[in-house]
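Please open the structure in your viewer and keep the selection tool at hand. The tour below moves from stop to stop, saying at each one what to select and what is there.

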Amino acid sequence: MNAPVGEIDAAGLKAMLHDGGEVALLDAREERVFAARHLLLAACVPLGRLEVTIGDCVPRRGARVVWCDDGEGLAAAAAARTVALGYGDVAVLAGGIAAWEAAGQPIYSGIHVPSKAFAEVVEHEAGTPWISAEQLNEWIEGGADIAVFDSRSYEEYHNNSIPTAVSCPGAELVHRFDDIVPSPDTTVVVNCGGRTRSIIGAQSLINAGVPNKVVSMKDGTMAWHLAGLPVQHGAERRPAEPSAAGLATARARAAAVAERSGIARIDQATLAAWRGEAAVRSLYVLDVRTPEEYAAGHLPGARSAPGGQLVQETDTYMATWGGRAVLIDDNGVRAAMTASWLQQMGWEVAILEDGLDGPLETGPWTATALGADAVSVDAIEVGDLIAGGGLVVDVEFSKRYGQGHIPGAWFAIRARFAESVAGLPAAARYVVTSADGVLARYAAKDLAAVTETPVVALTGGTAAWAAAGQPLESGLTHLADETDDVQLTARELKENREEAMRAYLAWEIDLVNQMAADDDHRFQVITP
């Protein structure tokens, strides 16, 4: 028998967030709706993606789970579904976000707020030095002895970057530093798209004790754009692998950071013991190397979480506050630097020594899909769809849909099928797809419940279609629903881009003031 869904009021939730126990505070709305107003420690887990999200971000079925929304009724549906998946301590925030606000508690906008607010607190507490876009441009034009590193993901860097910048995602900065900056006289500039990863990247190097002058570039590529300076598209500058000598220096620096931060180191036996305790204590095992290294060989059961991105959007990876994390890499550098930041954010974290010893698995990370065996739906193969299998309904993120979808496919949000089905053209059959076909199976079952049209799921999803050599169509060409499932960055907007950039930067800068008045965050910054 499934456990009943409980209800908790704002005072009860406030007490729960401070009682020292584990709690996963989840918001069931779509990301753009969530971004408008939400609770500080809430993780966005949309109802329509619940089964392929919650198993990784809330791995322990016995953890306390509290769902919230803003009166849409999604929290109750998500709570019932969570209980059906085997979670035993599930509640809904009574009155939702409005009740939390009415109780005098703060409401936040934006996404990944704990991570971004943390970076602002770091800059404030550590006094991280910075320069403006105009100053950096003067240095570049004047031929100054500088090195500019973009600490975002390579994909973001490749899309838009500052001229001369080299892609070096956050966790890679200390790891590769001696080889990419051989002279102590070189001034090092770390940038990102806005502020967060610039600050954390620059302060990582400062904390590691590199001999160079290090600064963050204030407001990143947004400031560069707003200053009227040319943004480069398609840059491909990436550093080589660290040399033996460079790696030895990096290991020494990272070890000093870990010791100063009090980061625990555990062995494989301890990890095995912690895994044995996973029913009573949440455990996240995260590989902080690059996705390519992870795919080449990783510890079974570890999730790919590149260090820079893990610090940038911690709520995506770990939604159970009070859980513990074990970080893995090949030499301890990236794990130590990432662990130091997570610990300062309020997480219990340890580094796995010799984390790649023993049998390894290969291949990219794939999300855990809960309850998949219980989903019974009819399926169609790519060949049958090519032959005219029906109207395709795509439930992948709208951003990914816009980048490439099966020609003629209609975008729809699974959680709103009851309303959006009326916007779909009449068809002999609906074929539901998603990126890899996993989410499509859950969605096909839901769509079949609200239409008399036969519904099937595409085996292997859109990836299988592309693998068969079939073309993809780009753009938001056929929309049966609003594209509020993704919060676009200011740069991705088609209108009022500069206004959005200024508003975003002002919002991020003000987070430090909001943290000063909020006792729910768990930040404890260690200054060098």
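In what order do the five strands of the open sheet that includes strand 17 stand, and is their pairing parallel or antiparallel? The order is 17-21-20-18-19, and the pairing is parallel. Please keep in mind throughout that this is a predicted model.

**First stop: the sheet with strand 17**

Select strand 17 (379-380) and strand 19 (410-411), which stand at the edges of this sheet with a single partner strand each, so that one side of each is left without a neighbour in the sheet. Then add strand 21 (residues 455-458), which runs parallel to strand 17 and is joined to it by two bridges. To see how the two are set against each other, label Ala379, which stands opposite Ala457 in strand 21. Now show helix 21 (residues 438-448), which packs on the sheet and touches strand 18 (391-394), strand 20 (430-433) and strand 21. Looking along strand 21, you can compare directions, since that of helix 21 makes about 170 degrees with that of the strand.

**Second stop: the sheet with strand 6**

Move next to another open sheet, in which five strands follow the order 6-10-9-7-8 with parallel pairing. Its edge strands are strand 6 (130-131) and strand 8 (166-167), each of which pairs on one side only. Select strand 7 (residues 146-150) together with strand 8, and you have two strands that run parallel and are joined by two bridges. Here Asp150 is the residue to label, as it stands opposite Ser167 in strand 8.

**Third stop: helix 9 and what surrounds it**

From strand 7, extend the selection to helix 9, whose buried residues pack against strand 7, strand 9 (187-191), helix 10, helix 12 (244-261) and helix 17. The buried residues of helix 9 are Glu172, Leu173, Val174, His175, Arg176 and Phe177.

Of these neighbours, select helix 17 (residues 333-345) alongside helix 9 (residues 172-180): their axes come within 7 Å and cross at roughly 135 degrees. The two helices are therefore oblique to each other. On the side of helix 9 the contact is made by Glu172, Val174 and His175, and on the side of helix 17 by Val333, Arg334 and Met337. If you colour the residues of this contact by class, you will find three nonpolar, one polar and two charged.

**Fourth stop: helix 10**

Select helix 10 (residues 196-207), which has 12 residues and reaches 16 Å from its first C-alpha to its last, close to the 16 Å expected at 1.5 Å a residue. Because 11 of its 12 residues are buried, helix 10 is largely enclosed by the rest of the structure. Among the buried residues you can pick out Arg197, Ile199, Gln203 and Leu205. Follow the chain onward to Gly209, just after helix 10, where phi is positive at about 80 degrees.

**Fifth stop: strand 4 and its partners**

Go now to strand 4 (residues 64-68), where five of the five residues are buried, so this strand too is largely enclosed by the rest of the structure. Turn the view to inspect both faces, which are covered: Arg64, Val66 and Cys68 lie on one side, Val65 and Trp67 on the other, and all are buried.

Strand 2 (residues 23-27) pairs with strand 4 in the parallel sense over five bridges, whereas strand 5 (residues 90-93), which also runs parallel to strand 4, is joined to it by three. Label Val65 to see both pairings from one residue, for Val65 is the bridge partner of Ala24 and stands opposite Val90 in strand 5.

**Sixth stop: helix 6 against helix 23**

Select helix 6 (residues 113-126) and helix 23 (residues 497-516), whose axes come within 8 Å and cross at roughly 75 degrees. That angle makes helix 6 roughly perpendicular to helix 23. Residues in the contact include Val113, Ala117 and His124 of helix 6, with Tyr504, Trp507 and Met515 among those of helix 23. By class, this contact has nine nonpolar, one polar and three charged residues.

**Last stop: Asp384**

Finally, select Asp384, which is placed in helix 18 (residues 382-386). Is Asp384 buried or partly exposed? With a relative accessible area of 47%, Asp384 is partly exposed. To end, draw a distance from Asp384 to Ile328: the two are 56 residues apart in sequence and 43 Å apart in space, C-alpha to C-alpha.

Note on methods. Residues numbered from 1 in each chain as written. Predicted model: local features only at pLDDT ≥ 70, side-chain atom pairs only at ≥ 80, totals over all residues. Heavy atoms only, no water. Axes fitted to C-alpha atoms, helices over the stretch in contact; angles between N-to-C directions. Helix = DSSP H or I, 4+ residues; strand = E, 2+ residues; numbered from the N terminus. Parallel < 35°, antiparallel > 145°, perpendicular 65-115°, else oblique. Contact = heavy atoms within 4.5 Å. Nonpolar A, V, L, I, M, F, W, Y, C, P; charged D, E, K, R; others polar. Pairing = 2+ DSSP bridges. Expected span 1.5 Å × (residues − 1). Buried < 20%, exposed > 50% of the residue type's maximum accessible area, 1.4 Å probe, protein only.
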